[in-house]
Structure formats: structure tokens, C-alpha cells
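Me: I should like to learn how the features of a protein model are read, one at a time. May we begin with a single residue and then proceed to helices and sheets?

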Amino acid sequence: MAQPTGFMDYKRIENSNIPPLERITNFKEFHPKLDEEARRKQAARCMNCGVPMCGSALKLNGMVTGCPLHNFIPEWNDALYNGQFDMAAWRLLKTSSFPEFTGRVCPALCEKACNCGSPVVNEGPVTIHDNELFIIEKAFETGYMKPQIPAKRSGKKVAVVGSGPSGLAVADWLNRRGHSVTVFEREDKAGGLLMYGIPNMKLEKSIIERRVNLMKAEGVEFVFNADVGRSTSADHIFNEYDAVALCCGAKKARSLTAPGIESKGVMFAVDFLTSVTKCVISTSSALEQISMNPTNGQIAQMLQERYGIEVAGKNVVIVGGGDTGNDCCGSAIRLGASSVTQIEMLPCPPVERAVNNPWPQWPKTLKVDYGAEESIAKFGHDPRIYETTVKEVISQDGHITAVRTVEVEFKMIDGKRIMCEREGTEKTLPCELLLVAAGFTGCEEYVPNAFGVELGERGTVATGPSTPSTSSGTAGIGGYASSKAKIFTAGDMHRGQSLVVWAIAEGRECAKQIDEFLLK
């Protein structure tokens, strides 16, 4: 145990936030870190519980609580408290492939299950998320994070298609096992949605580049601008490699069916975020030699010139109240939108836990994330409107000018949950840019089709149960094995749209099954 009375001696203190009106002037990360002494005190709050729910990833009443990576949280909190930073990093990296990613973008399932935050203790959960980030950044700062090159190679070759968090996790784990790994990525940089889906202010892209460079030094090969199934032959990869891992995500966005949705100025949220990040990177690179940082105006100008996306001075409406919608909100504000509105079909969550949502389940409660906080600070009101959807897109000369909305509610009709409009609730909102962040319906089919693997009902790559090898041609290990021999899958392409931490957990487990398959 770090300090037996730590949870009573020290109050929970999170990493701070730069004030909204200050941070929206740029696309930089905005969470200043606590100093070493203060962080060690936060680690002292960990009680080393007899049953550490934080790292258990238990399934309770159909909901998973705790860390999917099964991190040794009490162990590295104890090491952090005692100033044993190398020990803390060693224990953290035993279960977590990329703590520098999850320490920034994970919603911290671990903290929601922390015993210190239970109704019994009620002292506020340990700052596990921030402690994790401190440990890994300290490891990079001190030089602990050196390339770990395998002493011996197995002679087996593995292709990983997609370099998002699951693909990177597969590649990292198998490379450490001594297999030769090549990652094929259709974009010009590695990271998948880490790179081009999550905005720079949540995860600075240099952090991803740092990890990719470390993996390259350890022997992982990356091939960029390789769109497997289109510009790069799937048959060649299948014949050239001993195993293939499909980790392409679930990027098939859910569209709207409202009349006028084909108007100019309507686009999917992920495409918008990708374009914004590419402009942030391009503008930063162009100004690097003269030691300047790109202004929001320069980024907005490049966005318009390169992609035809106008944000400055425009009314932006976002359909979807999740993380992606929130990221669009924060990005639009930085790019000079004159107003931002977020539309969500579901009711507003309760402020406190409902009776049927007890600890340690994930709390289905109202939260004010950074985008909404920034909107409140700039425009004076919460951008979110609940129980509402877009009924019609209004355009002039083919370009969107407004959206007609209507309030909705869900009713059980003939045993089915049906969305119904509330009569007399239609409103018209000015809108020159409509961003659709309504979720995803599965993976893009052309990659699995190119490899000849089957898809399941959710539009993701189908996998079998854990069964012995059969003569049917399946890989035989199950879980992450596809319908075709030696082809596996992980991450969103396997489980559907989910969290970064789940993608990493899936990548690690998939890699273990590939390793078993290769060594049979």
C-alpha cells in the first residue's frame, strides 16, 4: 500500500485545465501537469484494495466496469508514491502498450470503479488516469523508454492492415515476441483515428510520432499510403505473410435520411476532423523553420483553400452528442464559428446516478466535456439540445442554409422501440455547416471483401468461438480468428465502434492468438 491513510490525508486533485477562452486560441493540449511532489501525494491515495475493482474489467448487469487492460494499478501507484519511477513504468507497461495515449484520451473506466469513489468511502477516486500519464511521460523524459529490440527473430512474418490503436498494439506485441511485423496504413501517417480522428488539443500528434519512431527502432516496418484492397494488393499480402491482422476500424459512418441531406456543407464528422488535423499538421510543418505556431486563422484559411470547408463566421450544427460531436464542437469554436449547436436524439442524462445504475458501473450521468465547456464560455449557453433530430436540410443554390429540427421521443409500439416526433415542436436553425456525428455502422467492406473474409450482423469482421483447428479452413484459435485461414481481426473492426483502451486490449489479445497460431 502506498500510504495507509493517504485517501484521508490528501484530497483528489486532477491535472488542471487552461481556462476555456484562453485555450480556444490554439490547438494545443490544455491540461498542465501537477509537479512531482503533488503527483506522488495523489498516488498515496491508492489503498491497494483487497479487490481492486479499478483493474478488474468485471461485467456487472451487462456493463463492463474497470480497466479492460487489467492494469496493475495499485502496484504502480505504490511505486510512484515511493519515487520508484522506473519500477512504476515497468509495471505499467506490462499490461498497457501505450499509456501515453490512454493517459490522454481514455475516459478512465478504472476511476469510475475505484473503491475510493464508492458510496462507502466517498473520498473521490484515485487520479489513476493522471498518474498513468505522469509515469509514462517520466519514463520518456528520463530515457527509460529505449528501443527494446528482440534478441532473436522467429522467421515468421505478420502483416497488420491499419495502424490505429489496435493495429499498433498487435504490431508492438508480436514484434516483442520476435516475429517480423509490417504495418500497412492507407494514410500518410500512422495512428488511425488517434492521428486523424482525435483533435490535436486532446492528443498532440507528436506524441503518436514519438511512439511510432520507437516502434520503428524496435524493428516494426511501416508502409504508408498503402490502401489495401485498392492501391495495394490483398492477395500479395495474403501470400507473402504467415498471418494477417485486419485492424482497419469501423469507419463506415451512419448517415441521415432527412430531405436535402445531399446539400453542400453537409459532411461526416470524422471527415471534418481529419481535414482539420491535416491542416494543423501542414501549417505547423510550414512554420516550423521560423519557430512559429500556426494561428487558428491560418488553419481555417488552409481548411477552406484545401478542402473547401468554411467554418469562420458560420453557424455550425452537429448531429450527435458523443465524444466525436464534442470534438467537432471544440474544433469549430477554434476555427471561428459564429455559433455551435449539438443535437442529440436521446434525453438529457441525470445529474446523479439512477437507482438502476449503481457503483461500480459506468455512471450514465450528465457531463460537461471540454467542447461544451468552451461553448458555454464563448456563447453563454450549453450547445446541446436533447430529444431532437434534423427533419429537413434547407438549402439555397445547392448549399445548406438552415436545418429544420423536431423533438422526438422513443415509444414501445408492437414490441419495438420506435422514435416518434412530437407534434408542434419544429424549429428552424441557421446552418451553413452540418456535421454528422451519428456513430458508425461497421467497417468499410472493401478490405474484408478483398481478403475474402465474412462479415457479421453488425457490419464487422465475423470471428468464431474458441475451438480447435478444423478442416473448414478457419484459423482454429477462435475469438479473433476470421472465417479464412491465417487472417485475424481486432479493435473496432472486430467489436464495432468503441474506446481506444478497448482497441488496445483487443490488439494485445489478438496478437497472443496470432502468436499461438504461428508457433503451432
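Me: Is glutamate 100 buried or exposed?

Reply: Burial is judged from relative accessibility, and the cut-off for a buried residue is under 20%. In this predicted model, glutamate 100 has 0% relative accessibility and therefore counts as buried. Glutamate 100 belongs to helix α6, residues 99–105.

Me: Which residues does glutamate 100 touch?

Reply: Leaving aside residues up to four places away in sequence, glutamate 100 touches Leu133, Ile136, Glu137, Phe140, Leu203, Ile207, Arg210 and Arg211.

Me: How is the packing of helix α8 and helix α11 described?

Reply: One states an angle and a distance between the axes. Helix α8 (residues 128–142) and helix α11 (residues 205–217) pack at about 60 degrees, and their axes are 13 Å apart. The two helices are therefore oblique to each other, and their crossing is left-handed. On the α8 side, Ile136, Glu137 and Phe140 make the contact, while α11 contributes Ile207, Arg210, Arg211 and Leu214. Sorted by class, this contact of α8 with α11 holds four nonpolar, no polar and three charged residues.

Me: At what angle does α5 pack with α8?

Reply: Helix α5 (residues 85–95) and α8 pack at about 115 degrees, with 9 Å between their axes. The crossing of α5 and α8 is also left-handed. Phe85, Asp86, Ala88, Ala89, Leu92 and Leu93 of α5 meet Glu132, Phe134, Ile135, Ile136, Lys138, Ala139 and Thr142 of α8. The residues of this contact of α5 with α8 comprise nine nonpolar, one polar and three charged.

Me: I now turn to sheets. In what order do the strands of the open sheet that contains β3 lie?

Reply: A sheet is read by strand order, then by the sense of pairing, then by its edges. Here five strands form an open sheet in the order β5-β4-β3-β6-β16, with parallel pairing. The edge strands β5 (221–223) and β16 (487–489) each pair on one side only. From one strand to the next, the twist averages 20 degrees. Within the sheet, strand β3 (residues 157–161) and strand β4 (residues 180–184) run parallel and are joined by five bridges; lysine 157 stands opposite serine 180 in β4. Helix α19 (residues 500–518) packs on this sheet, touching β3, β6 (243–246) and β16, and its direction makes about 165 degrees with that of β16.

Me: Which strands stand at the edges of the sheet ordered β7-β15-β8-β9-β10?

Reply: That open sheet has five strands with parallel pairing. At its edges stand β7 (266–268) and β10 (384–385); each has a single partner strand, so one side of each lacks a neighbour in the sheet. β7 pairs with strand β15 (residues 433–436) in the parallel sense over three bridges, and valine 266 stands opposite leucine 434 in β15. Helix α15 (residues 323–334) packs on the sheet and touches β8 (315–319), β9 (339–343) and β15; the direction of α15 makes about 175 degrees with that of β9.

Me: In which sense do β12 and β13 pair?

Reply: Strand β12 (residues 399–413) and strand β13 (residues 416–421) pair in the antiparallel sense over six bridges. Lysine 411 has isoleucine 418 in β13 as its bridge partner. The hairpin of β12 and β13 has two residues between the strands, and aspartate 414 there takes a positive phi near 55 degrees.

Key: Residues numbered from 1 in each chain as written. Predicted model: local features only at pLDDT ≥ 70, side-chain atom pairs only at ≥ 80, totals over all residues. Heavy atoms only, no water. Axes fitted to C-alpha atoms, helices over the stretch in contact; angles between N-to-C directions. Helix = DSSP H or I, 4+ residues; strand = E, 2+ residues; numbered from the N terminus. Parallel < 35°, antiparallel > 145°, perpendicular 65-115°, else oblique. Left-handed = near helix turned anticlockwise from the far one by under 90°. Contact = heavy atoms within 4.5 Å. Nonpolar A, V, L, I, M, F, W, Y, C, P; charged D, E, K, R; others polar. Pairing = 2+ DSSP bridges. Buried < 20%, exposed > 50% of the residue type's maximum accessible area, 1.4 Å probe, protein only.
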